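I set out to record the aromatic pairs first, then a patch on the surface, and finally the overall fold. Each entry states what I looked up and what I found.

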Amino acid sequence: MNKLDSKYGLMAVSVTAVLAALTIWQIAGTYGSLFWLLPPSEILAATWSETVNGALPAAAAQTLLIALIGVVVGSVLGVAVGALMGYYDAWNAVLDPLVKIGFAAPLVMLVPVISIYFGMGTTAKIAFTVLFCIFIVIINTAAGLREVPDEVMEMARAFEVTPRAMMARILIPWAGPYILTGIRMSVGRSIQGALIADLFLRAEGLGLYMIKAGSSFELDHLYAAVLVLTVLGALVMSMAKAGENRLLAWKTA
């Protein structure tokens, strides 16, 4: 049990579980009677061919660009709004209900509204992706600022630290773990938002690729797009986590 509880033991268990699942999937897809359950070997072959001919990378690049812009804009605005809510009770009383509603609401229903104000193109997709990202950053930032101990705030006031300096040098650094966690979570949401925008606004990127594959019943290409999206999401989340750990290294130093 001690070996299984170690880092490499747990990794071995995870890898074994994934391989077992893929083996069962391969057998079921090869010998089963479900036409939509393609074996992983066919999906990987389609993914490789579509990657080599450039179709999947080109589609993924369009979607990832929208996701990148959306997460950057959403994170900047989210930290600003969250800081207001965390520091000023009046702002929190006004904005907290709206943020909770925005986070819980199905944002797809806002696509018609966004298309009216921003059209169907890139600007509308960025706006929709920002909405997908911003609320989790706001919530985490506000929660982080509220965790600053009262003793720290009283000491800052005793030294007559200005509100701007207090925010930049005390509150934001103290809430750093919360803020970075919110940004990391918004990174994954940004890819979801960009894909939904591709599907429901002007069809481009991976959204257009999946629509074409589905309409022509090319299930291997459709699954290939899903696989690429899943891998990209996992990679981006891992990179965000690594960046978060590096930025917070001073906390454990």
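**Entry 1. Aromatic pairs.** I searched this predicted model for aromatic pairs and found that the structure holds 2. I noted that one of them joins Tyr87 and Tyr88, with ring centres 4.7 Å apart. Their planes stand at 85° to each other, and the pair is edge-to-face. I recalled that planes over 60 degrees apart count as edge-to-face, so the angle of 85° places the pair in that class.

I then looked up the exposure of both tyrosines. Tyr87 has a relative accessibility of 22% and counts as partly exposed. Tyr88 is also partly exposed, at 37%. Because buried requires under 20% relative accessible area, Tyr87 at 22% does not qualify as buried.

**Entry 2. The phenylalanine pair.** I turned to Phe128 and Phe132, whose ring centres lie 5.5 Å apart. Their planes meet at 40°, so I entered the pair as tilted. Where do Phe128 and Phe132 lie? I located both in helix α7, which covers residues 122-146. They are 4 residues apart in that helix, about one turn. I also checked their exposure: Phe128 and Phe132 are both buried.

**Entry 3. A nonpolar patch.** Which residues form a nonpolar patch on the surface? I listed Tyr8, Met11, Val15, Val18, Leu19, Leu22 and Trp25. Together these residues present about 690 Å² of accessible area. I followed up Trp25 and placed this residue in helix α2, residues 7-31. Trp25 has a relative accessible area of 32% and is therefore partly exposed. Patch members need over 30% relative accessible area, so Trp25 at 32% passes that cut-off.

**Entry 4. Overall fold.** I counted the secondary structure of the protein as 13 helices and 0 strands. Read from the N terminus, the order of elements is accordingly an unbroken run of α. I recorded the span of the C-alpha trace along its principal axes as about 75 × 60 × 30 Å.

I next looked up how the chain contacts itself. Taking contacts between residues at least 6 apart in sequence, I noted that 73% join residues at least 24 apart.

**Entry 5. Surface and burial.** How much of the protein counts as buried? I entered 37% of its 253 residues. For the accessible surface I wrote down about 14,900 Å². Carbon and sulfur atoms account for 71% of that surface.

Conventions
Residues are numbered from 1 along each chain as its sequence is written. This is a predicted model: local features need pLDDT of at least 70, side-chain atom pairs count only at pLDDT 80 or more; totals for chains, interfaces and linings use all residues. Side-chain values use heavy atoms; hydrogens and water are left out. Patches are made of residues with over 30% relative accessible area and no salt bridge: like charges are joined within 9 Å, nonpolar side chains (Val, Leu, Ile, Met, Phe, Trp, Tyr) within 5 Å. Accessible areas come from the Shrake-Rupley method with a 1.4 Å probe; for residues, only the protein chains shown count as cover. A salt bridge is a side-chain nitrogen of Lys or Arg within 4 Å of a carboxyl oxygen of Asp or Glu. Helices (H or I, at least four residues) and strands (E, at least two) are DSSP runs, numbered from the N terminus. Buried means under 20% relative accessible area, exposed over 50%, partly exposed in between (1.4 Å probe, protein chains only). Rings of Phe, Tyr and Trp (its six-membered ring) pair if their centres lie within 6.5 Å; planes under 30 degrees apart count as stacked, over 60 as edge-to-face and the rest as tilted. Contact means heavy atoms within 4.5 Å.
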